[in-house]
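Trainee: Can we go through this one together? I'd like to know how the labels get earned.

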Amino acid sequence: MTEFKKLKIEQVIVVEGRDDTNAVLRAIDGMTIETHGFGIRRETWNILEKAYEEKGLIIFTDPDFSGEEIRRKLTARFPNSGQAFLTRREAEKKGDIGIENARPEDIAAAISKVHFISPKGKDRGGSQTCIDREADSPVFAETDLIAAGLLGGDQARARREALGAVLGIGYGNGKAFLKKLNQFHISRKEFEEALKGLEE
């Protein structure tokens with residue numbers, strides 16, 4: 001069995017709680033900040049602001065409704081943050097969904113696929129950049145999702161979930177998934193290669 005090698009991450013990983021921090025630090029060499037749920041206190045906002053300006057943030061919340069609400073709140077305040085996602089399957093243990101349940105390998109893989117929304121490809125704090133493309137020229141349209149079996153069919157939900165895991169953009173309904181593809185600057189080539197992988 002090969003020894004697991006931790007990822008070194010420059011940005012600060014934002015998680016929900018202490019158990020998430022423990023799980024993340026088994027997978028990466030870096031720092032976390034905990035939101036302690038949805039009601040983020042003023043002092044935590046101040047710490048997040050400082051980390052965002054100095055190192056950059058990667059938002060890594062649970063793949064459930066509460067986690068997505070916290071992610072939205074954080075992204076609204078810190079729009080150039082990186083976004084990392086686990087699938088529900090990776091984060092589930094005995095009916096409980098949370099990052100703390102995931103294996104270090106899955107956490108490291110999710111963080112290594114971090115995406116940035118910034119349209120100019122300029123991130124904070126280090127190594128990741130995204131494709132430089134104007135925000136007002138989306139690559140994907142609803143017709144692309146229909147053609148790929150990601151919208152409107154019996155298997156559309158399962159296909160979106162599987163494709164979201166491969167691309168590292170998480171799950172979303174049709175409208176949310178389309179937004180993620182464009183927001184996170186997924187290229188046509190990445191999309192087609194990931195789709196091809198689903199068919200094999």
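Mentor: Sure. Let's begin with a rule: a charge sits over a ring if NZ of Lys or CZ of Arg is within 6 Å of the ring centre and within 35 degrees of the ring normal. Keep in mind that this is a predicted model.

Trainee: What makes arginine 71 a charge that sits over the ring of phenylalanine 85?

Mentor: Its charged end is 3.9 Å from the ring's centre, and the cut-off is within 6 Å. The charged end does sit over that ring. Lysine 73 has its charged end over the ring of phenylalanine 38, 4.2 Å from the centre.

Trainee: Phenylalanine 85 also has an aromatic partner, phenylalanine 184. Why is that pair called tilted?

Mentor: Two rings pair if their centres lie within 6.5 Å, and a pair is tilted when the planes are neither under 30 degrees apart nor over 60. Here the centres are 5.9 Å apart and the planes make 55 degrees, so the pair is tilted.

Trainee: What makes it a link between distant parts of the chain?

Mentor: The two residues are 99 residues apart. Phenylalanine 85 lies in the loop between strand 4 and helix 4, and phenylalanine 184 in the loop between helix 8 and helix 9. Both are buried.

Trainee: And how do you know that phenylalanine 140 and phenylalanine 191 form a tilted pair?

Mentor: Same test: 4.7 Å centre to centre and 50 degrees between the planes, so they pair, and the pair is tilted. These two sit 51 residues apart, with phenylalanine 191 in helix 9. Phenylalanine 140 is buried, and so is phenylalanine 191.

Trainee: How do you know that strand 1 and strand 2 pair?

Mentor: At least two bridges are needed. These strands have six, in the parallel sense, so they pair. Valine 15 stands opposite glutamate 34 in strand 2. With helix 1, the two strands make a right-handed β-α-β unit.

Trainee: Which residues have the most contacts inside the largest nonpolar core?

Mentor: That core has 21 residues, and the ones with the most contacts are Ile13, Val24, Phe60, Leu86, Ile107 and Ile111. Strand 1, helix 1 and helix 5 each supply at least two residues. Helix 5 gives the most, with four.

Trainee: What does valine 24 touch?

Mentor: Leaving aside neighbours within four places in sequence, its contacts include Ile13, Phe60, Ile107 and Ile111. A second, separate core has 17 residues, phenylalanine 184 among them.

How values were computed: Residues are numbered from 1 along each chain as its sequence is written. This is a predicted model: local features need pLDDT of at least 70, side-chain atom pairs count only at pLDDT 80 or more; totals for chains, interfaces and linings use all residues. Side-chain values use heavy atoms; hydrogens and water are left out. A crossover is right-handed if, with the strands pointing away from the viewer, the path from the first strand over the helix to the second runs clockwise. A nonpolar core is a set of buried Ala, Val, Leu, Ile, Met, Phe, Trp, Tyr and Cys residues joined through side-chain atoms within 4.5 Å. Buried means under 20% relative accessible area, exposed over 50%, partly exposed in between (1.4 Å probe, protein chains only). Contact means heavy atoms within 4.5 Å. Rings of Phe, Tyr and Trp (its six-membered ring) pair if their centres lie within 6.5 Å; planes under 30 degrees apart count as stacked, over 60 as edge-to-face and the rest as tilted.
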